[in-house]
Amino acid sequence: MGAVRKVVSYLGLSGVDHYDESYDDDEHYEDEYVPATERAARRWRANVDSSRIVMVQPLKYNDAPLIGQHFRDGQTVIMDVTGMPLSEATRMVDFAAGLAFGCEGRIERIAERVFLLAPAHVEIEVQ
């Protein structure tokens, strides 16, 4: 046996072990399966009054955590970036879009440089 084969054998990489035994708790996992969308909806379910709408007028990108906190708390947020330079406003809108996507909410433009961030449980009707 060569040196390389001895090392491979010593490390346990020489052969593949086949396990034919089934696990005793296979049925246990099948009963508790919940789709990912439902798990996410439970995680982001509102703990606050969903009729409350928060208006935020950030002046710099460092104000993004405030928007994120309100949105993750289940509140609808209106974000007005008219007071920000264009480059920072673009970053803020990108952040808000990622936040809405990650929390399974929606983002809608309601006016020039004004956006609505709605959590998943809030229905938006566009006419």
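This passage describes the largest nonpolar core of a predicted model and two residues with positive phi values.

In the predicted model, the largest nonpolar core comprises 17 residues, and those with the most contacts inside this core are Ile 67, Phe 71, Met 79, Val 81, Met 92 and Leu 117. At least two residues of the core are supplied by each of five elements, namely strand E1 (53–56), helix H4 (64–72), strand E2 (76–80), helix H5 (86–102) and strand E4 (114–118), and H5, with five residues, gives the most.

The surroundings of Met 92 were examined further. When neighbours within four places in sequence are left aside, Met 92 is in contact with Ile 67, Met 79 and Val 81, each of which is also listed with Met 92 among the core residues with the most contacts. Met 92 is further in contact with Pro 58, Lys 60, Tyr 61, Asp 63, Ala 64 and Met 84.

Backbone geometry was considered next. Most residues other than glycine have a negative phi. Against this background, Glu 104, placed in the loop between H5 and strand E3 (106–111), has a phi near 60 degrees, a positive value in a residue other than glycine. Arg 113, which lies in the loop between E3 and E4, likewise has a positive phi near 60 degrees and is a residue other than glycine.

As for solvent accessibility, Glu 104 counts as partly exposed because its relative accessibility is 35%, a value between the limits of 20% and 50%. Arg 113, at 23% relative accessibility, therefore also counts as partly exposed.

Conventions
Residues are numbered from 1 along each chain as its sequence is written. This is a predicted model: local features need pLDDT of at least 70, side-chain atom pairs count only at pLDDT 80 or more; totals for chains, interfaces and linings use all residues. Side-chain values use heavy atoms; hydrogens and water are left out. A nonpolar core is a set of buried Ala, Val, Leu, Ile, Met, Phe, Trp, Tyr and Cys residues joined through side-chain atoms within 4.5 Å. Buried means under 20% relative accessible area, exposed over 50%, partly exposed in between (1.4 Å probe, protein chains only). Helices (H or I, at least four residues) and strands (E, at least two) are DSSP runs, numbered from the N terminus. Contact means heavy atoms within 4.5 Å.
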